[in-house]
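Please examine the sequence and the 3D structure shown here before reading on. The report after them is written for a first course in protein structure.

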Amino acid sequence: MRNIQDCFCKMTYWLLIIFTSLLGTDGWSDNRQRKFKDDFLFGAATSAYQVEGAWNIDGKSESIWDRYFHEHPEVVVDGRNGDVGSDSYHQYKRDVELLRELGVDFYRFSMSWNRILPTGFPNKINEKGIQYYDNLINELLKYNIEPVVTLFHFDLPQTLQDLGGWANPLCIEWFEEYARVVFDKYADKVKYWITVNQPNDICIESYESDRWPPAAESKGIGPYLCIKNVMLAHANVYRLYVNEYKNKYKGSVGISLAVNWLEPLNNKTENVEAVELYREFTLGLFINPIWSKEGDFPQVVKDIVAKRSKEQGFTKSRLPILSKQEIKLLKGSSDFLGINHYTTSLVSPSSDEFPSPSIADDVRVQLSKRSEWKIAKSPWLASAPYGIYKACIHINLKYDYPPVFITEHGWSTDVGLQDEDRAYNLREYMKAILLAIEDGTNLKGYTAWSLIDNVEWSAGTSERFGLYEVDFDSDDKTRTPRLSAHVYKRLIKTRVVEENWKPKSMKMKISDRKFKEPEPKAEL
Ligand code: NOJ
């Protein structure tokens, strides 16, 4: 029986691979005009470290990014770190005004753990920090803009990093304690929660490389410890909400994963296999425990890491196991899947020598881009709109049509208000999203990254992601709408993608979408 089941699973798996590979890059679209339904939600996003500034003001303590950039100013490309950022701590009312100009349904922002709990623990609650988020939320609600709150967007309190951060299983408890404080304060006003933003980047960038704090470089070991802990921390907080808050407040809790599309360099079997393997390491480790039928980490990842660990002389696999109880905790622990999608990469096997142990050595692939893809200011960001369509269809088929929210998508440019490239990228991806919906994706909403220019981590402000430009040299960090802000506003209003529409003037007014009556909310 088991063999028949295995055989059936393998067949479905290969049919899925063949199907998504057959969705070529040509002829994937047509010219019919499609429309976003009235209950489809549009929003814009930022994160605390990237926009708030006020890094040590009103009781906020040091996060790992504060420490890292203060100790290594040389890593920030243009020297502008998040000490002041876009100064949203002081300019939040203007930010809400921008959202009203765009006419969005919601604003996705993150809370700074440090601003709320300066020690990292709930022994000291920073009332000024609590007040700041309360003010922001009230300002949003006043104009009927739904707050979508991310609990953790990369900025761990340094105090907790000093105790091992996400590599320490106690972080699961610490995160729950923090979440409880936040839910107690805001669950009556906030209905959409995202536990963790891009755990796949947190664990790999922070522990496999020295590109992100703590720059600990524990290749092939640290990332796997982090993955287990951060995923359990997410699941625990999901259960906390369900058990203690959901009945009363009726909110939804999800997680945002980086879901860029990956495809084989060409249709050679070795490339198709390399893609599937790489996808399991970069996405499967995070999505499988929550959305696959069997739960747990992907079998192929467990097998490879166990094999390599043994060859390397470890007494057990470097990938920690999930116990039966942990698998149960994780399975189904999300009301929706948040997709952060930016780009597509080509994958092929690599015969390079990689450091051993390392994830790179476990997976042994190389990435590239098609030469015809337009590249943004960020060198990793290539425009390939069909990628978002394929990513959605892949998730539908493999994980049985989960409710999905695009929690981030965007484009980076230089300074300048005439951002035709961003406007073009937005339109093309919107068309692909409409197709993905038409083909069955249970997609509830779209979030533009970002509302305003901000600190793009180590790139500082050299890569601009904002619909609104920020003048970082001005006292009030003046925000000015770019062309793309007008295009997005128009799209939200008309709910169709208009190829050649241009604003008559670059002046922005508050959108005439009504904000008196509550907008229809997506059922998640
Ligand atoms: C995803 C991250 O969540 C966000 O912080 C970052 O700015 C964007 N990608 C662009 O790189």
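The following paragraphs treat the ligand site, the aromatic pairs, one helix and one buried asparagine.

The model is predicted: local features need pLDDT of at least 70, side-chain atom pairs count only at pLDDT 80 or more, and totals for chains, interfaces and linings use all residues. Residues are numbered from 1 along each chain as its sequence is written, and side-chain values use heavy atoms, with hydrogens and water left out.

**The ligand site**

Which residues are around the ligand? They are Gln-50, His-153, Phe-154, Asn-197, Gln-198, Tyr-342, Trp-380, Glu-408, Trp-449, Glu-456, Trp-457 and Phe-465; a residue is near a molecule if one of its heavy atoms lies within 4 Å of it. The table gives polar contacts, that is, pairs of N or O atoms within 3.5 Å, where within protein one atom must be able to donate a hydrogen and the other to accept it, and residues adjacent in sequence count only if both atoms are side-chain atoms.

| Side chain | Partner | Distance |
|---|---|---|
| His-153 | oxygen atom of the ligand | 2.9 Å |
| Asn-197 | oxygen atom of the ligand | 2.8 Å |
| Glu-456 | oxygen atom of the ligand | 2.5 Å |

Taken alone, the ligand exposes 300 Å², and the protein buries 94% of that. Accessible areas come from the Shrake-Rupley method with a 1.4 Å probe; for residues, only the protein chains shown count as cover.

**Aromatic pairs**

A pair of aromatic rings is described by the distance of the centres and the angle of the planes. Rings of Phe, Tyr and Trp (its six-membered ring) pair if their centres lie within 6.5 Å; planes under 30 degrees apart count as stacked, over 60 as edge-to-face and the rest as tilted. The whole structure holds 36 aromatic pairs. In one of them, the ring centres of Phe-106 and Phe-405 are 5.5 Å apart and the planes meet at 80 degrees, so this pair is edge-to-face. Because Phe-106 belongs to strand E2 (residues 106-110) and Phe-405 to strand E12 (residues 404-408), the pair ties together parts 299 residues apart in sequence. Helices (H or I, at least four residues) and strands (E, at least two) are DSSP runs, numbered from the N terminus. Both Phe-106 and Phe-405 are buried, where buried means under 20% relative accessible area, exposed over 50%, and partly exposed in between (1.4 Å probe, protein chains only).

Phe-154 and Trp-212 form a tilted pair, with 4.6 Å from centre to centre and 50 degrees between the planes. Phe-154 lies in the loop between strand E3 (146-152) and helix H7 (158-161), whereas Trp-212 lies in the loop between helix H9 (199-207) and helix H10 (222-244), 58 residues apart. Phe-154 is buried at a relative accessible area of 6%, and Trp-212 counts as buried at 12%. Ring pairs link Phe-154 and Trp-212 into a cluster with Tyr-49, Trp-65, Tyr-68, Phe-69 and Trp-457.

**Helix H9**

How many of the 9 residues of H9 are buried? The number is 7, namely Pro-199, Asn-200, Ile-202, Cys-203, Glu-205, Ser-206 and Tyr-207. These buried residues pack against E3, H7, strand E4 (192-197), H10, strand E5 (252-258) and H12.

**Asn-271**

Asn-271 lies in helix H12 (residues 269-291) and is buried, with a relative accessible area of 3%. The side chain of Asn-271 makes a polar contact of 2.6 Å with the side chain of Asn-266. The C-alpha atoms of Asn-271 and Ser-348 are separated by 4.7 Å, although the two residues are 77 residues apart along the chain.

Terms used
Contact = heavy atoms within 4.5 Å.
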